[in-house]
Amino acid sequence: MKKMIFLLIGLGASLTSVNAQQWQISGQVDDEFGPLAGVKITVEPAAATTFTDTNGRYTIAASPDATLIFSFIGMQTQRIAVNGRTTIDVVMQPDAIALDEVVVVGYGVRHKTDHVGATRAVSERAASKSSARFSPQIAGGVHIRGRARPLRHRPQPLPGHPSYDGQDNEEYETFVENKFVSPLKEPLSTFSADVDGASYANMRRYINQGQTPPRDGIRIEELINYFSCHYPPPTGDDPLSITAEAGVCPWNTAHRLVRIGVKAKEIADEQLPASNLVFLIDVSGSMEGPMRLDLVKSSLKLLANNLRAKDRVAIVVYAGNAGEVLPSTPGDARQTICAALDNLSAGGSTAGGAGIKLAYKIARQHFIPQGNNRIILCTDGDFNVGVSSQEGLEKLIEDERKSGVFLTVLGYGMGNYKDRTMQTLAQKGNGNHAYIDNLQEANKALVEEFGSTLYTVAKDVKLQVEFNPAKVQAYRLIGYETRRLNAEDFNDDSKDAGEMGAGHTVTALYEVVPAGVEARYPGYLDDLKYQKNDAPQPVLTSSPDMLTVKIRYKNPDKNVSKKIEQPLADAVSDVPSDDFRFTAAVAMFGHLLRDSAYKGHASCRDVIELAQSGVGSDPSGYRHEFIRLVKIFDRLTKN
């Protein structure tokens, strides 16, 4: 009898051991367009979680009898039993109910289930907000200047999405697209470098939700600069190099498209100087939720796991007031850093100004000469206590940046996202701006591109392009509307401009009307009938150059700029590179998203074909993801 009991006990223990065993399960997740990045995979009942990478691949530990739950915005959630398997591939299907509930209307959405009364109520509410936002002040004391006003877009995450909370108060800065100008009148085009990619990630979030992005949320230069290009690195003492090429403009084949590229010198991660980081985290009530504070914690843990002993991290939080929750701590104390992050919870109002002041104070106290001194701000941008006006924030950041501490702004959340405030903070704070819509984007910004995101090799980077009127009838800078500078600002070292991190690339595009081509571009004017231009015309040189690109930059610890330049002669017979074709496709899609007057004959089909021809090397899968987004957008607009 005793032997039988021991046998049963042993058998039970064996079964328990099998059930407790953890298997490494991997697989591929696709939709009808190909690999699907950012799909959430949850193990039930263990509740472990992971996400697919940009190639749709995943790996997760689970017991043989567990269930995997695959979920993604706009897709049907799938529950799949492991049943002892180690490979599980999934094809996600569109959630027809959710997507059919959405109707594309201009730059917003409405739901088919909205009845007339509900639509009228929304319209009346929008009208009341509209009248308020054109007054000198709006909620939170945000002052609106005459040149640009905030656009409040009202995206609604689909019902059932974890971020759906009834809020609908996103803000974007309005701007007017650059026009064609004559080099006889304006031979110089001057602007600040922009390495931000926030607009692209935000656009992706909208499309993945089955919605069209707000027009003023589309900054074409940020769509372009989300993707790294294969520019040759600098070879001399300068930390930057210039590349330029020209080809046929795909949305108007009578025009030329000029691509200008800037590449910053690369520094191996192990050779990066010590970092003095301050995580400045918004823990106000608006940050509650899995796509807000929970995603912030996961994002910063990714960064913390890649820090070194010589790095240091402090954590400052703010809600109704600001406080330090982790003193400056060695970077290899990962358990301590992660524990401090885990203890954070959301609630209260938003004293962002007080948090910024405290973060800069702590960064100055632990300042590392010749090191990477930086604040990483994680917020939805909804400041409403203390210093909260645009002018107040600009003044605060402009004063603090003199300390040599840089600023990285990471935007989170949906429904209440203040893109306008994020742009102000990043542009005025010697910093950059990224929008984090999922953990994959956090990994891209904080791990894959750690050096380029967090370590500056050139500050106050300005570009100035001089066009040759003998070769160019008119030109138009594509994007950079909020980064334009006066021609005289180029040589003025007191004028602030953008920063470039180690290994970063910046791309700018110009649409050019060649000399001698019949001018029929938007904004073109006929010759005057009753007036003749008797002003003496400038004497044109015989140079074969179409243009010359000039760059001014400062070393991070210097206040005097240096200049480099590179001419471009348009060799019409040259075959454009893969990067040229892909970048042109992204710009063309930006014109479609904005319904731009300059989109010419562009279509989603043209974008897809051009992008596919220029994918080239795409180890991270970001270019293939772009093609997938265009296909989804095309389907949305057709529906």
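## A buried loop residue

Ala319 belongs to the loop that runs between strand 19 (312-318) and strand 20 (322-330). The model described here is predicted, and every statement below should be read as a statement about that model. With a relative accessibility of 11%, Ala319 falls under the 20% limit and therefore counts as buried. Its C-alpha atom lies 9.7 Å from that of Met287, a residue 32 positions away in sequence.

A comparable case is Asn169, which is found in the loop between strand 13 (150-153) and strand 14 (170-173). Asn169 has a relative accessibility of 18%, and because the limit for a buried residue is 20%, Asn169 counts as buried. Along the chain Asn169 and Lys418 are 249 residues apart, while their C-alpha atoms are separated by 8.2 Å.

## Nonpolar cores

The largest nonpolar core comprises 96 residues, and the members that touch the most other members are Leu240, Phe279, Ile281 and Tyr510. For Phe279, once the neighbours within four places in sequence are set aside, the contacts are Leu300, Leu303, Val313, Ala314, Ile315, Val316, Ile337 and Ile376. A second core, separate from the largest one, has 39 residues, including Ile220, Trp251, Phe626 and Val630. As general background, nonpolar side chains in soluble globular proteins tend to be buried together.

## Aromatic pairs

The structure holds 18 aromatic pairs. One of them is formed by Phe191 and Tyr480, with 4.6 Å between the ring centres and 50 degrees between the planes, a geometry classed as tilted. This pair links distant parts of the chain, since Phe191 is in strand 15 (residues 188-192), Tyr480 is in the loop between strand 25 (472-478) and strand 26 (498-501), and the two are 289 residues apart. Phe191 is buried, having a relative accessible area of 0%, and Tyr480 is buried as well, with a value of 1%.

Another pair is made by Phe467 and Tyr510, whose ring centres are 5.0 Å apart; because their planes meet at 70 degrees, which is over the limit of 60, the pair is edge-to-face. Here too distant parts of the chain are linked, with Phe467 in strand 24 (residues 456-467) and Tyr510 in strand 27 (residues 505-514), 43 residues apart. Phe467 and Tyr510 are both buried, and Tyr510 is also one of the residues that touch the most other members of the largest nonpolar core.

## An aromatic cluster and charges over rings

A single aromatic cluster is formed by Tyr200, Tyr226, Phe227, Phe582, Phe589, Tyr622, Phe626 and Phe633. Phe626, one of these residues, is also a member of the second nonpolar core.

Charged side chains lie over the faces of rings that belong to this cluster. Lys444 is placed over the face of Tyr622, at 5.4 Å from the ring centre, and Arg623 is placed over the face of Phe582, at 4.6 Å from the ring centre.

## Cysteines

The number of disulfides in the structure is 0. Cys249 counts as buried, its relative accessibility being 0%, and Cys604 is likewise buried, with a relative accessible area of 8%.

## Pairing around strand 1

Strand 1 (residues 23-31) pairs with strand 5 (residues 57-62) in the antiparallel sense, over 6 bridges, and within this pairing Gln28 has Arg57 of strand 5 as its bridge partner. With strand 8 (residues 90-91), strand 1 pairs in the parallel sense over 2 bridges, where the bridge partner of Asp30 is Val91.

Strand 1 is also joined by 2 bridges to strand 2 (residues 34-35), the two running antiparallel. In this pairing Asp30 stands opposite Pro35, so that Asp30 has a partner in strand 8 as well as in strand 2. The connection from strand 1 to strand 2 is a hairpin of 2 residues.

## Helix 10

Helix 10 (residues 419-428) is mostly covered, with 9 of its 10 residues buried. The buried residues are Asp419, Arg420, Thr421, Met422, Gln423, Thr424, Leu425, Ala426 and Gln427. After helix 10 comes Asn430, which has a positive phi, near 50 degrees.

Conventions
Residues are numbered from 1 along each chain as its sequence is written. This is a predicted model: local features need pLDDT of at least 70, side-chain atom pairs count only at pLDDT 80 or more; totals for chains, interfaces and linings use all residues. Side-chain values use heavy atoms; hydrogens and water are left out. A nonpolar core is a set of buried Ala, Val, Leu, Ile, Met, Phe, Trp, Tyr and Cys residues joined through side-chain atoms within 4.5 Å. Buried means under 20% relative accessible area, exposed over 50%, partly exposed in between (1.4 Å probe, protein chains only). Contact means heavy atoms within 4.5 Å. Helices (H or I, at least four residues) and strands (E, at least two) are DSSP runs, numbered from the N terminus. Rings of Phe, Tyr and Trp (its six-membered ring) pair if their centres lie within 6.5 Å; planes under 30 degrees apart count as stacked, over 60 as edge-to-face and the rest as tilted. A charge sits over a ring if NZ of Lys or CZ of Arg is within 6 Å of the ring centre and within 35 degrees of the ring normal. A disulfide is a pair of cysteine sulfur atoms within 2.5 Å.
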